[in-house]
Amino acid sequence: MHLYHLDANAAAIGQVFGADVGQDPWAGGSVAPLQPAPVIISNGRAGGKTYLTPRLWGVPPPPSGTRPITSVRNLKSPFWIGTLRHAELRCLVPATSFSIWSSVSGIKRQHRVRMADEAIFAFAAILRQTEDWPSFAILHVEANRLIRHYHDGAMPVIVRREDHRHWLSAEWRDAASLVEAMPSQAMLVD
């Protein structure tokens, strides 16, 4: 996934997630890697207050890398596991849809994927807190049947609304159970 959409302003996002929006100026639009976008953060404690805050999409690469990392697939990697174990470094990334590409007879076509019953939903993500590059990366898993019909590969992890607090505050061994593909019947492709 190299593009997602968040067609809602900060106030609407804050209302859906019960988050304090502060001075976030988000007015809605598309998000591509290395662009700022709002994320939902908390202090990592159950029942803690949540906040909407801007971060860049794409964490700095490991020492041997050269390009920012926008998606996390290997959750057991030493590069990620330390972050995942700390609830305060997990976040939710609000979205209204995400883009996938299909190719038929060499012609690429963009499709927008959205949730069937939620106008604004959230991806599971992690934060990297560096002084000059406060950023996030979105967790990905193997695609479900619907997404595979259009696009081989991975899809972002979508956290159900009732599990938002759990993702932001649970011990990693419990939160890890949320890292799975959303069922096909919960999604629509345009």
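**Figure 1. Contacts of T53 in the predicted model.** Leaving out residues up to four places away in sequence, T53 touches D24, A37, P38, V39 and I41. T53 itself belongs to strand β4, which covers residues 50-57. Three of the residue names to look for in this view are A37, V39 and I41, and each of them is touched by T53. T53 counts as buried because its relative accessibility is 16%, and the cut-off for buried is under 20%.

**Figure 2. The side chain of T53 and its polar partner.** The side chains of T53 and R55 form a polar contact at 3.4 Å. For T53 and W26, the C-alpha atoms are 9.4 Å apart in space. In sequence, T53 and W26 are separated by 27 residues.

**Figure 3. L34 in a loop.** L34 lies in the loop that runs between β2 (29-31) and β3 (36-42). The phi angle of L34 is positive, at about 70 degrees, although L34 is not a glycine. Is L34 buried, partly exposed or exposed? Its relative accessibility is 46%, so L34 counts as partly exposed.

**Figure 4. T70 and the residues around it.** T70 sits in the loop between β4 and β5, where β5 covers residues 71-72. Which residues does T70 contact, apart from its neighbours within four places in sequence? They are P33, W57, G58, A137 and I138. T70 has a relative accessible area of 14% and is therefore buried.

**Figure 5. The whole chain, for orientation.** The chain contains 5 helices and 13 strands. Its radius of gyration is 16 Å, close to the 16 Å given by the globule rule for 190 residues, so the chain is as compact as a globular protein of that length. Along the principal axes, the C-alpha atoms fill a box of roughly 50 × 40 × 30 Å. Of the 190 residues, 49% count as buried. Among contacts between residues at least 6 apart in sequence, 66% join residues at least 24 apart.

**Figure 6. Surface and charges of the chain.** About 9600 Å² of the chain is exposed, and carbon and sulfur atoms supply 51% of this area. The chain has 19 positive and 16 negative charges. The mean position of the positive charges and that of the negative charges are 4 Å apart.

Terms used
Residues numbered from 1 in each chain as written. Predicted model: local features only at pLDDT ≥ 70, side-chain atom pairs only at ≥ 80, totals over all residues. Heavy atoms only, no water. Helix = DSSP H or I, 4+ residues; strand = E, 2+ residues; numbered from the N terminus. Buried < 20%, exposed > 50% of the residue type's maximum accessible area, 1.4 Å probe, protein only. Contact = heavy atoms within 4.5 Å. Polar contact = N/O pair within 3.5 Å; in protein donor to acceptor, adjacent residues only side chain to side chain. Rg over C-alpha atoms; globule rule 2.2 N^0.38 Å. Areas by Shrake-Rupley, 256 points an atom, 1.4 Å probe, with all protein chains shown as cover. Lys, Arg positive; Asp, Glu negative; His and termini not counted. Charge placed at Lys NZ, Arg CZ, Asp CG, Glu CD.
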